[in-house]
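User: Pick one spot in this structure and take me through it slowly, please. I'm new to this, so keep it relaxed, and then show me how you'd carry on from there.

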Amino acid sequence: MIKDNQKYFNRMHVVIDALIVTASYFLAWVARYVWPFADDAVRTVPFGWYMRLLPVIVPVYLILYYAFSLYTPKRVQGRRLEFSNIVKANTVGILLLICYIVVLLREVNFARMMLVYFYLINMFLEESVRILIRRFLRNIRKRGLNQKHILLVGYSRAAEEYIDRILQNPQWGYHISGILDDNVDEGTTYKGIKVIGKIENLMVILPQNSLDEIAITLGLSEYYRLEEIVALCEKSGVHTKFIPDYNNIIPTKPYTEDLLGLPVINIRYVPLTNTFNMVVKRLMDIFGSIIAIIIFSPIMLLACLMIKLTSPGPLIYKQERVGLHNHNFMMYKFRSMEVQSKEEEKKAWTVKNDPRVTGIGKLMRKTSIDELPQLFNILKGDMSLVGPRPERPFFVEKFREEIPRYMVKHQVRPGLTGWAQVNGYRGNTSIRKRIEYDLYYIENWSVGLDIKILIMTFFKGFVNKNAY
């Protein structure tokens, strides 16, 4: 029933998209030639010529929507990812349309502005309609309609975490029928979900029940049975998925390789190990640091003057930090403390109202001005504009034993700012949470994420209550 409903829903979605593309195209023509502010538009090509393009535009856009996963069930695809795919599909579509008009039709007098309107109106309407569809589906699913019935095979941490997420999100429309497990007593419940029998009961349950999905949630010690259970499930024709009980080891988006037919799962996917990605990021760092040095040079000169006038000692403070591939380097900062011996420096982090911090040092730390000399570290290649913040060797040795996966952060260059810092984790805050955010950044790096972090730094990264 669910599969039939999904097919019907997809057909309806295609029809709605076809109507939206048609309406957007017509509205774009109206915006260009009919509205009061379009009085000066010269109609070099007649209305009929534009409308004759619709039989080409509509199917091409529907194919692009399919190619960019816009007909994936709303249970699976997040709203942000869906909007991103709408933008990508429309961008490719408008470029193909321009090529078709110029190259194949050899028409150069078409209204460029009309295509701009079409591009913007179509994206707006597509996203608006999909928001309405999501709200409609969430409402009916919360009332118990349009449900997918799922059976869990195996009681484990993965099973409990899966149940937690299903119960927290009723709008997904999942109903868990029960759990099968050989090592837990029948009748045992977890948040209302019962263990209803042994795994061997699959042979009886599968032919009799109208299940939509089976989720294999075996514990690590039972993985030897995985092949047997998958074979049983696949004989029934029911969609089967595997939820591994080692999500604390493998990331949510594992990097898989095909080694001549042998699947290989990398424990950690680091996009910046790719040579092209490394070159792109390095070029961003070089140009970005040069521009930042020019922009902030008056502030840096003023900081030098204030340091010199208020306390004796060097202007620049150099401290050993651990960087890419565990190699140590000297990180530069404006000196914000009284001059200390090396042994005193190693004692601890700076704390609130630290007596070692000078008057001007407090202001520089609060506004992150003391970090600006690290732009020269970036230019040298020791650091990056964005990345996990580097730490001193003493603390690295301490944390590598206490915090799982701490050393993963050294697979990329350390940064002047980072995902953890713009989310409030700097200074005297949780190291574990900081590492969680650093790992997210490392595994999900993109140029767009770097730009987002740099923008967030200007609004919430420079001045921070935990910086002292």
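Analyst: Let's start with helix 3 and helix 4, which pack at an angle of about 145° with their axes 10 Å apart. Keep in mind that what you're looking at is a predicted model. Helix 3 covers residues 54–67 and helix 4 covers 79–104, and the way helix 3 passes helix 4 is a right-handed crossing.

Which residues do the touching between helix 3 and helix 4? On the helix 3 side, find Val 56, Ile 57, Val 60, Tyr 61, Leu 64 and Tyr 65. They meet a set of residues in helix 4 that includes Ala 89, Asn 90, Gly 93, Leu 97 and Tyr 100.

Now look at the loop between these two helices, where you'll find Ser 69. Most residues other than glycine have a negative phi. Ser 69 isn't a glycine, yet its phi is positive, about 60°. Is Ser 69 buried or exposed? Somewhere in between: Ser 69 is partly exposed, with a relative accessible area of 33%.

There's another residue like that further along. Asn 326 also isn't a glycine, and its phi is positive, about 65°. Asn 326 sits in the loop between strand 9 (316–322) and strand 10, and is partly exposed, with a relative accessible area of 41%. What does Asn 326 touch, leaving out residues up to four places away in sequence? Met 407 and His 410. Met 407 is 81 residues from Asn 326 along the chain, but their C-alpha atoms are separated by just 8.3 Å. With His 410, the side chain of Asn 326 makes a polar contact of 3.5 Å.

Strand 10 takes us on to helix 11. The buried residues of helix 11 (359–367) are Ile 360, Gly 361, Met 364 and Arg 365. Why do these four end up on the same side of helix 11? Because they cover an arc of only 135° around its axis. What they pack against is helix 9 (275–310) and strand 10 (328–334). Now check the two ends of helix 11. At the N-terminal end, Thr 358 acts as a cap, with a side-chain oxygen 2.9 Å from the backbone nitrogen of Gly 361. Helix 11 is then followed by Ser 368, which has a positive phi near 65°.

Last stop: the sheet. Six strands make up an open sheet with mixed pairing, in the order 3-4-2-1-5-6. Strand 3 (189–190) and strand 6 (239–242) stand at the edges with a single partner strand each, so one side of each has no neighbour in the sheet. Strand 5 (213–216) runs parallel to strand 6, and four bridges join the two. For one pairing to look up, take Ile 216, whose bridge partner in strand 6 is Phe 242. Finally, helix 8 (226–236) lies across strand 1 (148–153), strand 5 and strand 6, and runs at about 180° to strand 5.

Note on methods: Residues are numbered from 1 along each chain as its sequence is written. This is a predicted model: local features need pLDDT of at least 70, side-chain atom pairs count only at pLDDT 80 or more; totals for chains, interfaces and linings use all residues. Side-chain values use heavy atoms; hydrogens and water are left out. Buried means under 20% relative accessible area, exposed over 50%, partly exposed in between (1.4 Å probe, protein chains only). The arc is that of the directions from the helix axis to the C-beta atoms. Contact means heavy atoms within 4.5 Å. A polar contact is a pair of N or O atoms within 3.5 Å; within protein, one must be able to donate a hydrogen and the other to accept it, and residues adjacent in sequence count only if both atoms are side-chain atoms. Two strands pair if DSSP finds at least two bridges between them. Axes are lines fitted to C-alpha atoms, for helices over the stretch in contact, and angles run from 0 to 180 degrees between N-to-C directions. A crossing is left-handed if the near helix is turned anticlockwise from the far one by less than a right angle, and right-handed if clockwise.
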